[in-house]
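Biologist: I would like a close look at one part of this model, followed by a walk through the spaces in and around it. Please take the surface first and then move on to the pockets and cavities.

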Amino acid sequence: MTQSHPRISKAVIPAAGLGTRFLPATKATPKEMLPVVDKPAIQYVVEEAVSAGLDDVLMVTGRNKRPLEDHFDRNYELESALEKKGDTERLAKVQESSDLAMIHYVRQGDPRGLGHAVLCAAPHVGDEPFAVLLGDDLIDPRDPLLRRMIEVQEQYGGSVIALMEVAPEQIHLYGCAAVDTTEDGDVVRVSGLVEKPDPADAPSHYAVIGRYVLDPHVFGILRRTEPGRGGEIQLTDALQQLAADEKIGGPVHGVVFKGRRYDTGDRGDYLRAIVRLACEREDLGPDFRTWLRRYVAEEMQGR
């Protein structure tokens with residue numbers, strides 16, 4: 001039976017990571033600002049939150065992340081120069097990022113893991129359920145995953161995580177969920193979570209990907225959570241406690257996602273994401289696809 005739960009209005013985007021997998025590019029440039037075609041990855045994430053109805057966004061940042069704030073701020077000199085040129089198309093693109101949402105910032109002083117980054121959002125979020133979006137996962141706007149997760153949370157309460165079925169040999173790269181089916185085909189009940197298990201010990205093939213809708217009781221658990229895998233405070237450990245005892249903050253459900261996801265946290269997947277998105281662009285796709293076919297054909301002949 002459908003229940004009434006507080007409306008979600010706030011999104012938290014952890015963006016304090018060092019981006020070591022992309023060095024030396026991220027030595028002075030935040031990994032979230034690396035371009036995916038012609039927009040930084042972080043803008044896709046903010047746009048996703050806004051399209052799901054969340055226009056109050058908190059970014060949890062760290063040292064050397066000032067370019068994030070600059071990107072979502074007004075740049076009057078650039079706007080004035082474009083306006084004088086009559087370049088209305090580029091002017092609109094520049095202004096778009098500063099008009100997307102009400103964006104706030106808080107610093108995570110020490111990089112102590114995702115759980116600690118989420119805990120940094122507690123004063124801003126308060127006692128409301130909220131969404132967490134990780135910048136390494138880009139979800140295609142044609143597949144409204146976050147909106148569906150919000151619907152599930154409003155129906156069942158508690159917390160909701162995004163799950164994707166992966167090959168057994170890849171499960172050690174993710175948090176993994178033990179699940180039970182529900183009456184909704186794309187929704188499962190989460191009974192347990194393990195962070196990056198060995199394939200032989202994994203309770204399922206359902207991997208946790210970077211979208212969460214969380215009950216605020218998670219903050220109390222995170223405050224008591226000891227550092228886990230990698231010496232960091234793991235959000236997975238806190239969610240495991242919520243799943244084990246729903247009296248704390250309601251049940252934990254998972255939405256099984258089968259749509260288009262672009263992983264920008266790995267160099268190879270980052271390049272593949274750029275190619276896929278560029279191919280689908282109306283302004284770039286036709287010429288780019290023609291070139292790509294020719295390039296691949298030439299490479300195959302060269303072998």
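Which residues form a nonpolar patch on the surface, and how much accessible area do they have together?

Modeller: This is a predicted model, and what follows should be read with that in mind. The nonpolar patch on the surface is made up of Trp291, Tyr295, Val296 and Met300, which together have about 410 Å² of accessible area. One of these residues, Tyr295, belongs to helix H12, which covers residues 285–302. Tyr295 counts as partly exposed because its relative accessibility is 37%, and partly exposed refers to values between the 20% limit for buried and the 50% limit for exposed.

Turning from the patch to the open spaces, the largest pocket holds about 1,600 Å³. It is lined by 48 residues, of which Arg21, Lys31, Leu134, Asp136 and Lys196 are the closest to its centre. Among the elements that give two or more residues to this lining are helix H5 (114–119), strand S8 (159–165), strand S11 (206–214), helix H9 (235–244) and helix H11 (267–280). Sorted by class, the lining of the largest pocket contains 19 nonpolar, 13 polar and 16 charged residues.

The second largest pocket has a volume of about 910 Å³, and of the 34 residues in its lining, Lys39, Gln43, Tyr44, Glu47 and Glu96 are the closest to the centre. The elements that contribute two or more residues to the second largest pocket include helix H1 (41–51), helix H4 (88–98), helix H7 (145–156) and H11; H11 is also among the elements that do so for the largest pocket. By class, the second largest pocket is lined by 13 nonpolar, 5 polar and 16 charged residues.

As for enclosed space, a search of the whole structure finds 2 cavities of 30 Å³ or more. The largest cavity, with a volume of about 80 Å³, is lined by Phe22, Lys31, Glu32, Leu34, Ala41, Gly135, Asp136, Thr264 and Tyr270. Lys31 and Asp136 from this lining are also among the residues closest to the centre of the largest pocket. The lining of the largest cavity divides into 4 nonpolar, 2 polar and 3 charged residues.

The second largest cavity has about 30 Å³ of space, and its lining consists of Ile161, Leu193, Val208, Tyr212, Thr236 and Leu239. The elements that give two or more residues to this lining are S11 and H9, both of which also do so for the largest pocket. In the second largest cavity the lining has 5 nonpolar residues, 1 polar residue and no charged residues.

Conventions. Residues are numbered from 1 along each chain as its sequence is written. This is a predicted model: local features need pLDDT of at least 70, side-chain atom pairs count only at pLDDT 80 or more; totals for chains, interfaces and linings use all residues. Side-chain values use heavy atoms; hydrogens and water are left out. On a 1 Å grid over the protein atoms alone, a cavity is a set of points where a 1.4 Å probe fits but cannot get out, and a pocket is an open set with protein on both sides within 12 Å along at least five of seven lines; lining residues have an atom within 4 Å of a point. Grid points are joined across faces, edges and corners, and a volume is the space filled by probe spheres set on the points. Helices (H or I, at least four residues) and strands (E, at least two) are DSSP runs, numbered from the N terminus. Ala, Val, Leu, Ile, Met, Phe, Trp, Tyr, Cys and Pro count as nonpolar, Asp, Glu, Lys and Arg as charged, and the others, Gly among them, as polar. Patches are made of residues with over 30% relative accessible area and no salt bridge: like charges are joined within 9 Å, nonpolar side chains (Val, Leu, Ile, Met, Phe, Trp, Tyr) within 5 Å. Accessible areas come from the Shrake-Rupley method with a 1.4 Å probe; for residues, only the protein chains shown count as cover. A salt bridge is a side-chain nitrogen of Lys or Arg within 4 Å of a carboxyl oxygen of Asp or Glu. Buried means under 20% relative accessible area, exposed over 50%, partly exposed in between (1.4 Å probe, protein chains only).
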